[in-house]
Amino acid sequence: ARCYALVPAAGIGERSGAGMPKQYVEIAGRPMLAHTLAALAAVPRIAATLVVLSPADERFEQALPGYGGWVARVGGASRADSVLGGLAELRRRGARDDDWVLVHDAARCLLKPAWVDALIDACEHDAVGGLLAQPIADTLKAGDADGRVTATVDRRDKWAAQTPQMFRLGLVERALAAMGAAATDEASAVEALGFAPRLVRASMANFKVTWPEDFELAARWLHQVGP
Ligand code: CTP
Ligand code: MG
């Protein structure tokens, strides 16, 4: 079986407040998406990477001039729709049911090739697949609309889910199609079919650039440890 990467990059980045889709905001001199794709390109076991753009995207060619990888303008209204569009495109390009697909958020631009290798090592002989994740270090609180604590949640078995998330094409496609737009990641859709994905520890540095202050944080981190 081959390993493909699929990068959903069709969001609008509303929470980032950047005034443009956040994947095109420059971090340390390059668009966030360029950092993300460079990390995946540095993993030899990935046969090809497909970027999923919005059909309305007007920035990609200018932001990543001369990009030679696979690109499909099949993004949808939800992340799950964008991933499903990308999976269909991978099939058109020859991917098969039992090939692995590593879905990775464009917005996790601090990805390290070593973490991807660790994920593939842990999952390539697994019956289900798995995801990068980080055990929760903080005490967890549930809160209400007024910002008051309603409960303290036991953190000891809790993990923050990250990406890449690695599943076989046939399984993840069936799972996302069944769960629809409610799926905020691939693992939750696979879990809903009754499977238990493997948790593979990565790093807090594999965070998702989401809020305005995250751009600065990502830039500092890139300067510290290099792209
Ligand atoms: N994404 C996508 N298609 C969508 C929504 C999201 O391809 N319809 C992608 C984003 O581009 C991003 C990843 O999924 O790389 C994770 O989503 P998120 O961090 O929520 O990004 P946005 O949806 O763009 O941001 P926001 O929710 O703040 O609008
Ligand atoms: Mg979103």
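User: Where is Asp-81 found?

Analyst: Asp-81 sits in helix 3. Keep in mind that we're looking at a predicted model.

User: What makes Asp-81 partly exposed?

Analyst: Count its neighbours: Asp-81 has 19 C-beta neighbours inside 10 Å. Buried needs 20 or more, and exposed needs 12 or fewer. The count of 19 falls in between, so Asp-81 is called partly exposed.

User: Which residues is Asp-81 in contact with, leaving aside its neighbours within four places in sequence?

Analyst: Those are Gly-76 and Ala-181. Gly-180 is worth a look too: Asp-81 and Gly-180 are 99 residues apart in sequence, yet their C-alpha atoms are 7.5 Å apart in space. Gly-180 comes just after helix 5 and has a positive phi of about 70°.

User: What about Arg-45: why is that one called partly exposed?

Analyst: Same test. Arg-45 has 14 other C-beta atoms within 10 Å. Exposed would take 12 or fewer and buried 20 or more, so with 14 the label is partly exposed. Arg-45 lies in the loop between helix 1 and strand 4. Setting aside neighbours within four places in sequence, Arg-45 is in contact with Cys-3 and Ile-120.

User: How do you know that helix 1 is largely enclosed by the rest of the structure?

Analyst: Because 7 of its 10 residues are buried, we can say helix 1 is largely enclosed. The buried residues in helix 1 are Met-32, Leu-33, His-35, Thr-36, Leu-37, Ala-39 and Leu-40.

User: And which residues of helix 5 are buried?

Analyst: In helix 5 (residues 169–179) they are Leu-169, Leu-171, Val-172, Glu-173, Ala-175 and Leu-176. They pack against helix 3, strand 6, strand 10 and helix 6.

User: Which residues have the most contacts inside the largest nonpolar core?

Analyst: That core has 61 residues, and those with the most contacts inside it are Tyr-4, Leu-6, Val-52, Val-101, Leu-102 and Val-172. As a general point, nonpolar side chains in soluble globular proteins tend to be buried together. Take Val-52: beyond its neighbours within four places in sequence, Val-52 is in contact with residues including Leu-6, Ala-72, Val-74 and Gly-86.

User: What makes the whole protein as compact as a globular protein of that length?

Analyst: First the parts: the protein has 7 helices and 11 strands. Its radius of gyration is 17 Å, close to the 17 Å that the globule rule gives for 227 residues, so the protein is as compact as a globular protein of that length. Its C-alpha atoms fill a box of roughly 50 × 40 × 35 Å along the principal axes, and 40% of the 227 residues count as buried.

User: Which residues come nearest to ligand 1?

Analyst: Of the 23 residues around ligand 1, Pro-8, Gly-11, Glu-14, Arg-15 and Ser-82 come nearest. By class, the shell has 8 nonpolar, 9 polar and 6 charged residues.

User: Where is confidence lowest, and where is it highest?

Analyst: Helix 7 (residues 214–225) is lowest, with a mean of 90, while strand 6 is highest, at 99. Averaged over the protein, pLDDT is 97, and 99% of the residues score at least 70. For the complex, the predictor gives an ipTM of 0.99 and a pTM of 0.97.

Terms used
Residues numbered from 1 in each chain as written. Chains lettered and ligands numbered in written order. Predicted model: local features only at pLDDT ≥ 70, side-chain atom pairs only at ≥ 80, totals over all residues. Near = placed C-beta within 6 Å. Nonpolar A, V, L, I, M, F, W, Y, C, P; charged D, E, K, R; others polar. Helix = DSSP H or I, 4+ residues; strand = E, 2+ residues; numbered from the N terminus. Rg over C-alpha atoms; globule rule 2.2 N^0.38 Å. Core = buried A, V, L, I, M, F, W, Y, C linked by C-beta atoms within 7 Å. Contact = placed C-beta atoms within 7 Å. pLDDT = per-residue confidence, 0-100.
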